[in-house]
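Good morning, and thank you for making time for this short presentation. Please have the sequence and the structure open while I go through a few selected regions.

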Amino acid sequence: MTATVDKPGTPAEAVDILVRRYDDAVSALREAVERFLRSGVAPSPEERARFRYPRLRVTYRPEGAPPPNARAFAKFSAPGVYSTTITQPAEFRNYLLEQLEPLVSEFGAEMEVGTGGQEIAYPYVFESGDELGRGGATAADLARHFPTPSLAVIGDEIADGHFEIRPGAERPLALFDAARVDYSLRRLVHYTGSDWREMQSWVLLTNYHRYVDQFVRWGLEQLRSDPEVVKLVMPGNVTIDASAEPAETEARLAGVVWHRFQMPAYHVVRKDGNGVSLVNIGVGPANAKNITDHIAVLRPHCWLMVGHCAGLRQSQMIGDYVLAHAYLRQDHILDEAVPPDVPIPALAEVQVALQEAVANVTGDRGEALKRRVRTGTVVTYDDRNWELRWTQERRRFNLSRAIAVDMESATIATQGFRMRVPYGTMLCISDKPLHGEIKLPGAANAFYERAIGEHLQIGIAALQLLQRSDAALHSRKLRSFDEPPFR
């Protein structure tokens with residue numbers, strides 16, 4: 001194991017050292033595994049000591065009052081030493097520089113890069129996993145000699161505030177360490193069907209596959225009309241770029257086997273980094289929590305829920321929109337991590353962008369916009385057949401002044417609050433079960449054809465408006481008083 005510690009002078013130099021140390025560790029681990037598969041020779045203890053993530057330490061010792069700063073991230077809650085292990089530093093270069101540069105230039109922080117105590121699990125250094133089937137070695141054989149993913153070192157204790165601050169001890173520098181990030185990167189590939197590197201920083205989450213068709217159509221239009229758009233990536237890593245001929249494009253679209261993946265993702269990738277990803281998360285709060293647990297490690301700038309809901313008010317019409325400004329959490333899946341009595345605040349920048357996006361896309365203004373968009377409380381329920389419990393739930397719904405019901409929105413918002421990812425919800429009313437307008441096949445299909453294209457465009461337009469907000473989008477509402485410095 002490399003015992004030396006480097007003291008970089010600039011954030012860029014620090015990231016370069018992290019990249020070199022990480023690449024050296026991955027190469028050593030990969031070569032040792034390949035040798036074992038070829039010849040059965042296991043790594044020595046000295047070799048295994050090289051299979052470790054690099055560690056980044058940042059020390060803040062102020063000589064006076066800290067500089068005033070309204071930014072929500074890249075600042076210190078107290079003097080001390082902050083540290084974390086790092087994975088994939090080359091891929092996270094821009095993010096790391098965004099965090100480190102203010103800490104050094106504004107706060108005078110000092111940096112150190114060394115070797116951490118966490119081992120890199122051997123499956124994380126092979127992209128497809130097919131390489132591990134050679135030589136007749138079993139997973140048990142490999143686990144005897146190489147680091148494996150261990151749930152004992154993977155968790156959300158930092159994000160959930162369960163870490164203990166002891167005098168003189170190092171504080172966490174980031175919400176997620178390297179082992180937690182690597183675990184989620186592999187889960188993203190498994191669930192979405194595409195390389196985690198394709199996931200964009202601006203994310204739409206939906207609960208209906210019909211939105212996918214509209215998103216793919218929009219992505220292809222962007223490829224043809226906007227030179228900044230690089231490619232459209234679909235499940236199975238099927239990629240279409242501007243050079244593809246129409247016949248080739250149709251063939252690739254027809255070959256997408258999205259149904260093999262539980263939560264297929266689609267990505268419109270731009271040169272400027274402001275691409276958009278759409279993930280069809282399916283139905284229910286379990287899926288909503290699952291995928292956002294993993295997307296969160298990529299530190300996206302925003303995720304928005306654009307899906308369907310049941311309207312609860314007589315004045316609402318099928319196809320109207322619901323802009324959630326509060327949530328009645330009946331999903332139950334996050335009750336221990338974020339107790340239901342903890343408020344989930346609406347984020348002003350997101351709310352304004354969503355409402356402005358509706359106005360821009362629909363052309364409605366003033367009273368016409370008010371009739372089309374209702375702002376209020378959304379109930380997120382873990383029971384799709386909540387209608388069968390109406391006599392028990394009626395009073396609670398009334399007390400909350402709820403205007404709509406769905407199965408994912410509160411979970412996604414609570415996850416955004418929990419993981420410090422800006423969030424918002426714009427739903428479209430697909431039925432009104434309390435008023436006799438039940439989602440039946442004929443009426444549902446007519447609604448889908450009319451509304452989905454417009455709704456998706458509203459979500460995309462809102463993200464485009466938010467992209468102009470820059471760092472202001474990362475609200476201090478999402479940060480606690482003893483936060484890690486990194487966003």
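**Val283 and the start of the tour**

Val283 is in contact with Asn207, Met407 and Glu408, leaving aside its neighbours within four places in sequence. Before I go further, let me state that this is a predicted model. Val283 sits in the loop between strand S9, residues 276–280, and H8. Is Val283 buried or exposed? Its relative accessibility is 53%, and the cut-off for exposed is over 50%, so Val283 counts as exposed. In space, the C-alpha atoms of Val283 and Gly307 are 9.9 Å apart, with their positions 24 residues apart in sequence.

**The chain as a whole**

Let me now step back to the overall picture. The chain contains 13 helices and 14 strands. Its radius of gyration is 24 Å, close to the 23 Å that the globule rule gives for 487 residues, so the chain is as compact as a globular protein of that length. The C-alpha trace spans about 70 × 60 × 50 Å along its principal axes. Of the 487 residues, 53% count as buried. As for contacts with a separation of 6 or more, 83% of them join residues 24 or more positions apart.

**Helix H8 and helix H12**

The loop that holds Val283 leads to H8, and that helix is my next subject. Two packed helices are described by the angle between their axes and the distance between the axes. For H8 and helix H12, residues 409–419, the axes come within 9 Å and cross at roughly 30 degrees. Angles under 35 degrees count as roughly parallel, and H8 and H12 are therefore roughly parallel to each other. The crossing of H8 past H12 is right-handed. On the H8 side the contact is made by Pro285, Ala288, Lys289, Thr292 and Asp293, and on the H12 side by Thr411, Ile412, Gln415, Arg418 and Met419. Sorted by class, this contact has four nonpolar, three polar and three charged residues.

How many of the residues of H12 are buried? Eleven of the eleven are, so H12 is largely enclosed by the rest of the structure. The buried residues of H12 include Gln415 and Arg418, both of which also take part in the contact with H8. H12 is followed by Arg420, whose phi is positive, near 60 degrees.

Returning to H8, I would draw attention to His294, which lies in this helix, residues 285–295. His294 is buried, with a relative accessible area of 5%. Not counting residues up to four places away in sequence, His294 touches Tyr183, Ser184, Arg187, Leu188 and Tyr191.

**Helix H1 and helix H3**

A second pair of helices offers another geometry. Helix H1, residues 11–39, and helix H3, residues 93–105, pack at an angle of about 140 degrees, with their axes 9 Å apart. That angle makes H1 oblique to H3, since only angles over 145 degrees count as roughly antiparallel. H1 passes H3 in a right-handed crossing. H1 contributes Pro11, Ala12, Ala14, Val15, Asp16, Leu18 and Val19 to the contact, while H3 contributes Arg93, Leu96, Leu97, Leu100, Glu101 and Val104. These residues divide into ten nonpolar, no polar and three charged.

**Backbone and loop positions**

Most residues other than glycine have a negative phi. Against that background, two loop residues deserve mention. Ala74, although not a glycine, has a positive phi of about 55 degrees. Ala74 lies in the loop between strand S1, residues 52–60, and strand S2, residues 80–85. With a relative accessibility of 0%, Ala74 counts as buried. Arg401 is likewise not a glycine, and has a positive phi of about 60 degrees. The loop of Arg401 runs between helix H11, residues 390–400, and strand S13, residues 402–406. Arg401 counts as exposed, at 56% relative accessibility.

My last position is Ala174, in the loop between strand S4, residues 171–172, and helix H5, residues 178–192. Ala174 counts as buried, at 7% relative accessibility. Which residues does Ala174 touch, not counting those up to four places away in sequence? They are Thr84, Ile158, Pro484 and Phe486. The C-alpha atoms of Ala174 and Ser83 are separated by 7.7 Å, although these residues are 91 apart along the chain.

Note on methods: Residues numbered from 1 in each chain as written. Predicted model: local features only at pLDDT ≥ 70, side-chain atom pairs only at ≥ 80, totals over all residues. Heavy atoms only, no water. Helix = DSSP H or I, 4+ residues; strand = E, 2+ residues; numbered from the N terminus. Buried < 20%, exposed > 50% of the residue type's maximum accessible area, 1.4 Å probe, protein only. Contact = heavy atoms within 4.5 Å. Axes fitted to C-alpha atoms, helices over the stretch in contact; angles between N-to-C directions. Parallel < 35°, antiparallel > 145°, perpendicular 65-115°, else oblique. Left-handed = near helix turned anticlockwise from the far one by under 90°. Nonpolar A, V, L, I, M, F, W, Y, C, P; charged D, E, K, R; others polar. Rg over C-alpha atoms; globule rule 2.2 N^0.38 Å.
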